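Trainee: I have a model open and would like to go through it with you. Can we start with a single residue and work outwards?

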Number of protein chains: 4
Amino acid sequence: MAEFRVGVLGATGAVGQKFIHLLRNHPWFKVTALGASERSAGKTYREAANWVESTEMPDDIAELIVSTCEPDQMDVDFVFSGLDSGVATDIERSFAESGVPVISNARNYRQHETVPLMVAEVNPDHTELIKTQNFDPNGRGFIVTNPNCVCIPLVMALKPMYDAFGVEEVMLTSMQAISGAGYPGVPSLDILGNILPYISGEEDKIGIEPLKLMGKLENGKINFAEFPVQATAVRVPVIDGHLLSVAVRLTNNPGDIEEVKEVVRNWKNPLAEFDLPSAPATPVRLYDDFRYPQPRHHSLAENGMQVGMGRLRASNVLDIAFTALGHNTIRGAAGCSILNAELLHAKGFIK
Amino acid sequence: MAEFRVGVLGATGAVGQKFIHLLRNHPWFKVTALGASERSAGKTYREAANWVESTEMPDDIAELIVSTCEPDQMDVDFVFSGLDSGVATDIERSFAESGVPVISNARNYRQHETVPLMVAEVNPDHTELIKTQNFDPNGRGFIVTNPNCVCIPLVMALKPMYDAFGVEEVMLTSMQAISGAGYPGVPSLDILGNILPYISGEEDKIGIEPLKLMGKLENGKINFAEFPVQATAVRVPVIDGHLLSVAVRLTNNPGDIEEVKEVVRNWKNPLAEFDLPSAPATPVRLYDDFRYPQPRHHSLAENGMQVGMGRLRASNVLDIAFTALGHNTIRGAAGCSILNAELLHAKGFIK
Amino acid sequence: MAEFRVGVLGATGAVGQKFIHLLRNHPWFKVTALGASERSAGKTYREAANWVESTEMPDDIAELIVSTCEPDQMDVDFVFSGLDSGVATDIERSFAESGVPVISNARNYRQHETVPLMVAEVNPDHTELIKTQNFDPNGRGFIVTNPNCVCIPLVMALKPMYDAFGVEEVMLTSMQAISGAGYPGVPSLDILGNILPYISGEEDKIGIEPLKLMGKLENGKINFAEFPVQATAVRVPVIDGHLLSVAVRLTNNPGDIEEVKEVVRNWKNPLAEFDLPSAPATPVRLYDDFRYPQPRHHSLAENGMQVGMGRLRASNVLDIAFTALGHNTIRGAAGCSILNAELLHAKGFIK
Amino acid sequence: MAEFRVGVLGATGAVGQKFIHLLRNHPWFKVTALGASERSAGKTYREAANWVESTEMPDDIAELIVSTCEPDQMDVDFVFSGLDSGVATDIERSFAESGVPVISNARNYRQHETVPLMVAEVNPDHTELIKTQNFDPNGRGFIVTNPNCVCIPLVMALKPMYDAFGVEEVMLTSMQAISGAGYPGVPSLDILGNILPYISGEEDKIGIEPLKLMGKLENGKINFAEFPVQATAVRVPVIDGHLLSVAVRLTNNPGDIEEVKEVVRNWKNPLAEFDLPSAPATPVRLYDDFRYPQPRHHSLAENGMQVGMGRLRASNVLDIAFTALGHNTIRGAAGCSILNAELLHAKGFIK
């Protein structure tokens, strides 16, 4: 049934495994090639990967022979990239240049002028930026990225009010799950019954990525949004699900918190017209119960693709405050890439 | 050696136990009477209390007979109160009226016009407010309170910069340990590998208590400080130690973060002149290492009485951001009361 | 599509909620009546229940009006009981006497002479014991129970070797998840980063229930199996999944551990002939990888109905040692009851 | 005041840090030299070590220059070894050959014929085995080891009943804290809310080390004790403290569990005659309360040097069952080495 043969770059890593897990029954995309480092190349995936997903490794994937991450080693229609940033720059470019679209979770091209930084529901029109890319003279290969795992739920939660009222300032404390650090990742001695008050590199990304995403595509360029975002990113002993405590100053504060709630609740899902297999019916759900959402109970809502908001209330310092929850390795990483790919297919970029 | 016979009100509860634990070798204060509910009265403390401290119940305390919380049942020089707010109003008043000073961790009198709300290092001069009290016509009984477990590290961290630069606005997310909810407190099914995004009643206290504490005593009244404090209080799977992620707008921002750091580091401890047994040598410690302070490793610094600050940096939304850590049941509760009592003794209020 | 109208007794409790959760899409059984205490009766289930499942409360269930646990208040074909043992004796009997079959997770009738104590795959023939019951003169009402949450994975893991080699002695340490204590259950202050070395009442049940289950039905009576079972039951900071470390002395030790492994792997599922909706395809799975099974990763195998075994090896004290894992609230409680009910329907007892 | 200049081998590792931590105020032993790998040599300890203890790195230690682990680089009276087993064989031998006593926590020489494997309270007479060593022709250098972190509490708990009744068979499940795996050690993704049912290499050591320890020194040789020990070693989400669930068959079962309890309670501490600074007053404490001991609350009893026993009861499979708890990095590792060294000094081996 699946129409596309798909490769996964960085297939043995935590993000690569999540791609494989999420695509195991995908109606359009079938994983047929796995790229990893020299060390893994030539082995079956079963031998090469230290599988950390709870569901079992799919049997057909297990028997695939891992190759290096080279375009001539992977005969596919497009690739998902879960590559480490240390190697992603050259590899992703080589695929794009060879005519293979790259849908990447790596950070390397997020700020590249011609590369869309996308969350499908937030800036679906940014796909047009692809047309300005010149990686591939034949016009088939390109690169599309998604943002960091905190930025995704952040921009999704902000989007309805950004459209309705404008956003002037954003402050947040992001309480981040251990799965965000990959495997082996955070040592248990560091995090059991503890909080680590600093996550290297995270706050800078949170400060800049939303501005490109919220930016306007004009004359083939993204005019970045302009508002300061100040983040404190901490690690908490939670398996999956980043919980953000956010405060926002609005450009035009309606002054009535109920009006803000209505805007969130009535936000028109821009993907509703497409029928994308991984798209959540309700991308952003506002919980009324102040006890929700919670990482352990609500991260997997709509298969981990829904962002939960809660505690939406007026703030006496900025204008409003709320919490936002996103499953960091699904909605905040591999799932976001997959949904981007589905949109790209629906729009004819992947064919 | 101990000069004072001390009673503990609410002796079987978690706060009461912490008082007993912290006072077990105190040079001035000796616990000689234990007050609890009718249900416990008449039993030995060993029978009456479900001891939850890790150190063993002191043998001499274990054999004390618990009484009801009535002044004529407890022949002591003063009392510490760890009472539930449901019963504290009448009981604390009855002791004060009977001439017994009450040093209370309960919230009931925190906003009473003549009752000091104190953190010994922050507003030691507020002891003078006691002189306006008229609970006891003989002038011996009085009530002194300390704030909520989040407010204590918050005001301690704010105090140096408040004095130097003024504070205009405060925002915080407080990540609070489970011991703050007492025993049995938070069900493990709720919090293991999870975050609870709401703690009932907490944010209101955080919004108001700092303003009284930071207020000026003028003409026998507290003129409250005036700045908005917006808090998001969440529960995290940590045993002890509330970690606060704070942002502050200063009245006079020096514009140089190093200057702010110097102010914190050079803050003159107002208790240095006294020689109080429970006073930390350095009430507020600023860590330079961005990985610190952490709840599990640094809450017990200076026997749990020191507040740790970290990650002090400029904010592009408000002026500065930082983290603050306080041991919630020591510095943030019983230990704060004990230090208040020591100061009150040093100043001649308890004699 | 569902053929049977089903009631849940103790519907607001943790076990009752699990019944509702597991039955939400059941092809045969539809929950149409909810029984709880006087306090809940008359309210909608949404009002009455403090829902602790991660999936949302089914909408149709939410609007049901809770009744008391009385046969004339619940017009159903049969009931599942998640009642507390403090009230189960009378209530369960009253339903049986009124002609309503009771499939119970409560312990009250487990040792009743005419009541089957069943794990559907282990002693399916014990259903015949129902015919000796005389609760209901009309012969329609009866009671069937399932064992304690540790006994279920224990007897399932033992069954293949019990049949092949006989069992002489069993020792185990059961490391039990917090969900086994219900809600609110274990205080987080007790269990976070800790082990509680004793669970009241648990070890006695483990010592006796397997003997009835493994017993032979002869002349309308169960001849109990006879082997000592010594258990140490401890609580660990795990959400779901009891992990058992077991050692067994066999009656006829084959002396070759591979032979034991073969017996486990080739065990013939006695339910294979029936086509029961909740029956796992492989009731007992033996993992070869010594790192498996683990509570967090493998408890939900086959929707939580499979028991995992691992580390099967020779013991130099008893004969063999292994680990066994069962999801304590699904396989070990509500799921076991549901599977028992399915078997009872297949055999014509529920009609 | 300290009489001895002490070196620590493997000073930057987790065990090395624990030695430094425990010796920071030792009355006899002063750490004056730190040995580590080439990579660390030449740096100050502050630069070289990733300090993981909660207490701060002692200032005097922080300024020491780390050397390689060579006798001529470390001018000390004796050394403690926290070396990895991968390098310990040659390094420890070189120190012993050079006349420097080695008190080692490494496993390499535990089974060496002339090297004592010691827990000071259990087999203090085994020090005599040193006299059979010929590492150092001058007779000053020697090697003494202590067993694995599970064996230490196990043999301490067994010792009283071993002496009184004899031991025939031992079975145990050891639930082991994450600190036992060093740093970074166990990934948090593996252990948060989970149990790992296998710890590589652990069970073999538990099977053999107790037999040497319990052995008799006769004619300059250890005649090993002979009883099978079958262990299942699992990792649990606990910071410090291994909890053992043990069952024992006695040679001469008194048949009265109270008699066994008395033997444990009245066990004569063989170190009582010495006045060793790190020796616990009560090496083995039997708790009557079935809820105790627990890892988080009781591991640090007597500064982490006491072993707690609980739940002592008759077993219907073997003879008796109990739990035992030991702080794995203090009593079970560095603290055991230090106590061994103190005994060796008291007996004149270190001078």
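Trainee: Is D:Gln176 buried or exposed?

Mentor: D:Gln176 is buried, because 26 other C-beta atoms lie within 10 Å and the cut-off for buried is 20 or more. Keep in mind that this is a predicted model.

Trainee: Which element does D:Gln176 lie in?

Mentor: Strand E7 of chain D, residues 167–176.

Trainee: And what is D:Gln176 in contact with, leaving aside its neighbours within four places in sequence?

Mentor: D:Val150, D:Ile199, D:Ala233, D:Val234, D:Arg235, D:Val236, D:His242 and D:Asn328.

Trainee: How far apart are D:Gln176 and D:Tyr45?

Mentor: In space they are 30 Å apart, C-alpha to C-alpha, and in sequence 131 residues.

Trainee: Let's go up to a whole chain. How many helices and strands does chain A have?

Mentor: Chain A has 11 helices and 14 strands. Its radius of gyration is 20 Å, close to the 20 Å from the globule rule for 351 residues, so chain A is as compact as a globular protein of that length.

Trainee: What box do its C-alpha atoms fill?

Mentor: For chain A, roughly 60 × 50 × 35 Å along the principal axes. Of its 351 residues, 59% count as buried.

Trainee: What about the contacts within chain A, in terms of sequence separation?

Mentor: Take the contacts between residues at least 6 apart in sequence: 74% of those join residues at least 24 apart.

Trainee: Now the interfaces. How many residues does the contact take from chain A and from chain B?

Mentor: 33 residues from chain A and 33 residues from chain B. On the chain A side, the elements that give two or more residues are strands E7 (167–176), E10 (229–235), E11 (242–250), E13 (307–314) and E14 (320–326), along with helix H9 (295–298).

Trainee: Which of them gives the largest share?

Mentor: E7(A), with 4 residues. By class, the side of chain A that touches chain B divides into 18 nonpolar, 11 polar and 4 charged residues.

Trainee: How many residues are in contact between chain C and chain A?

Mentor: There, 4 residues of chain C are in contact with 4 residues of chain A. The chain C side has 1 nonpolar, 3 polar and no charged residues.

Trainee: What turn lays chain C on chain A?

Mentor: A turn of 180 degrees, with a shift of 0.0 Å along the axis and an RMSD of 0.0 Å. That is the relation of a two-fold axis. The same surface serves both copies, since 100% of the contact residues of chain C recur in chain A.

Trainee: Which residue of chain C comes closest to the rotation axis?

Mentor: C:Gly193, whose C-alpha is at 3.5 Å.

Trainee: Last topic, strand E2 of chain C. Why is it described as largely enclosed?

Mentor: Strand E2(C) covers residues 29–36, and 6 of its 8 residues are buried, so the rest of the structure largely encloses it.

Trainee: In what sense do E1(C) and E2(C) pair, and over how many bridges?

Mentor: They pair in the parallel sense over 6 bridges, E1(C) being residues 4–9. C:Val6 has C:Val31 in E2(C) as its bridge partner. Between these strands the chain passes through helix H1(C), residues 14–22, in a right-handed β-α-β crossover.

Trainee: And how do E2(C) and E3(C) pair?

Mentor: Also in the parallel sense, over 2 bridges, with E3(C) at residues 67–68. C:Ala36 stands opposite C:Thr68 in E3(C).

Note on methods
Residues numbered from 1 in each chain as written. Chains lettered and ligands numbered in written order. Predicted model: local features only at pLDDT ≥ 70, side-chain atom pairs only at ≥ 80, totals over all residues. Contact = placed C-beta atoms within 7 Å. Nonpolar A, V, L, I, M, F, W, Y, C, P; charged D, E, K, R; others polar. Least-squares fit on C-alpha atoms with pLDDT ≥ 70 in both. Buried ≥ 20, exposed ≤ 12 C-beta atoms within 10 Å, placed from the backbone. Pairing = 2+ DSSP bridges. Right-handed = clockwise from strand over helix to strand, strands pointing away. Rg over C-alpha atoms; globule rule 2.2 N^0.38 Å.
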